[in-house]
Amino acid sequence: MDLSQLSPAKGSTHTKKRLGRGQGSGWGGTSTRGHKGAKSRSGYSHKVGFEGGQMPLQRRVPKFGFNNVNRVEYKVVNIADLENIASKFNVTEINLEVIRKAGFASKNDLVKVLGNGTLTKQLTVTANAFSKSAKAAIEALNGTVNTL
């Protein structure tokens, strides 16, 4: 065997479609482009969203709503959740790592503590934000609130 005997595997290659080489080829005349119209011409390139002159979808459907680029989204943890976390993990200091381990937030989430529920333990809580009621409830039991 030498290089002159090498050939591709059977069925792995296709013969090129030779367009515009007479009617006998089966692809003469219009060269598989159909009759007339922009798509049959050389140099045709369509504009994105062009619908043949019909009013395109992105102009038919109106704009709606408002997205504030400065909005800060927090994952919410309630006082009742802090109580459960403290008893489950047997801790008095709750920070973002403990909250993530408990499954209330993921890696890049900001956490805000809200005042829903009751608290019975003295806790040291560290989070990105606190509501007034949550802060008051934690400090009522001589706990401390650390805002990041």
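Select glutamate 93 and threonine 124: threonine 124, in β4, is the bridge partner of glutamate 93. The model in the viewer is a predicted one.

**The sheet**

Widen the selection to β2 and to β4, residues 124-127; the two strands run parallel and are joined by two bridges. Now add β6. The three strands make an open sheet, ordered β2-β4-β6, with parallel pairing. Which strands stand at the edges? They are β2 (93-94) and β6 (144-147); each has a single partner strand, so one side of each has no neighbour in the sheet. In general, the strands of a sheet pair through backbone hydrogen bonds, parallel or antiparallel.

**Helix α2 and the core**

Next, select residues 79-89, the helix α2, which includes glutamate 83. Colour its buried residues: Ile79, Asp81, Leu82, Glu83, Ile85 and Ala86. Show the surroundings as well, since the buried residues of α2 pack against β1 (74-78), β2, α3, β3, β4 and α4. An α-helix has 3.6 residues a turn, so residues three or four places apart point the same way. Just past the helix, asparagine 90 follows α2 and has a positive phi, near 55°.

Keep α2 on screen and bring up the largest nonpolar core, a set of 20 residues. Leu82, Ile94, Val113 and Ile138 have the most contacts inside this core. At least two core residues come from each of α2, α3 (96-101), β3 (110-114), β4 and α4 (132-140). Which element gives the largest share? It is α2, with four residues.

Centre on leucine 82. Leaving aside residues up to four places away in sequence, leucine 82 touches Val77, Ile94, Val113, Leu123, Val125 and Ile138. Ile94, Val113 and Ile138 in that list are, with Leu82 itself, the residues with the most contacts inside the core.

**Glutamate 83**

Move one residue along, to glutamate 83. What is the nearest side chain of opposite charge to glutamate 83? It is lysine 121, 4.4 Å away; glutamate 83 is buried and has no salt bridge. The cut-off for a salt bridge is 4 Å between a side-chain nitrogen of Lys or Arg and a carboxyl oxygen of Asp or Glu. Draw a distance to threonine 120 instead: the side chains of glutamate 83 and threonine 120 are joined by a polar contact of 2.4 Å. Beyond four places in sequence, the residues that glutamate 83 touches are Thr118, Leu119, Thr120 and Lys121.

**Serine 131**

Go on to serine 131, in the loop between β5 (129-130) and α4. Is serine 131 buried or exposed? Its relative accessibility is 16%, so serine 131 counts as buried. Its side chain and that of serine 133 share a polar contact of 3.3 Å. Not counting residues up to four places away in sequence, serine 131 touches Lys112, Val113, Leu114 and Gly115; Val113 is also among the residues with the most contacts inside the core.

**The salt bridges**

Finish with the salt bridges, of which the structure holds two. Select arginine 60 and glutamate 51: they form a salt bridge whose closest N and O atoms are 3.0 Å apart. Arginine 60 is partly exposed at 45% relative accessibility, and glutamate 51 is partly exposed at 29%.

Then select arginine 71 and glutamate 73, whose side chains meet in a salt bridge of 3.1 Å, N to O. Glutamate 73 is exposed, at a relative accessible area of 56%, and arginine 71 is exposed, at 57% relative accessibility.

Methods
Residues are numbered from 1 along each chain as its sequence is written. This is a predicted model: local features need pLDDT of at least 70, side-chain atom pairs count only at pLDDT 80 or more; totals for chains, interfaces and linings use all residues. Side-chain values use heavy atoms; hydrogens and water are left out. Buried means under 20% relative accessible area, exposed over 50%, partly exposed in between (1.4 Å probe, protein chains only). Lys and Arg count as positive and Asp and Glu as negative; His and the chain ends are not counted. A polar contact is a pair of N or O atoms within 3.5 Å; within protein, one must be able to donate a hydrogen and the other to accept it, and residues adjacent in sequence count only if both atoms are side-chain atoms. Contact means heavy atoms within 4.5 Å. Two strands pair if DSSP finds at least two bridges between them. A nonpolar core is a set of buried Ala, Val, Leu, Ile, Met, Phe, Trp, Tyr and Cys residues joined through side-chain atoms within 4.5 Å.
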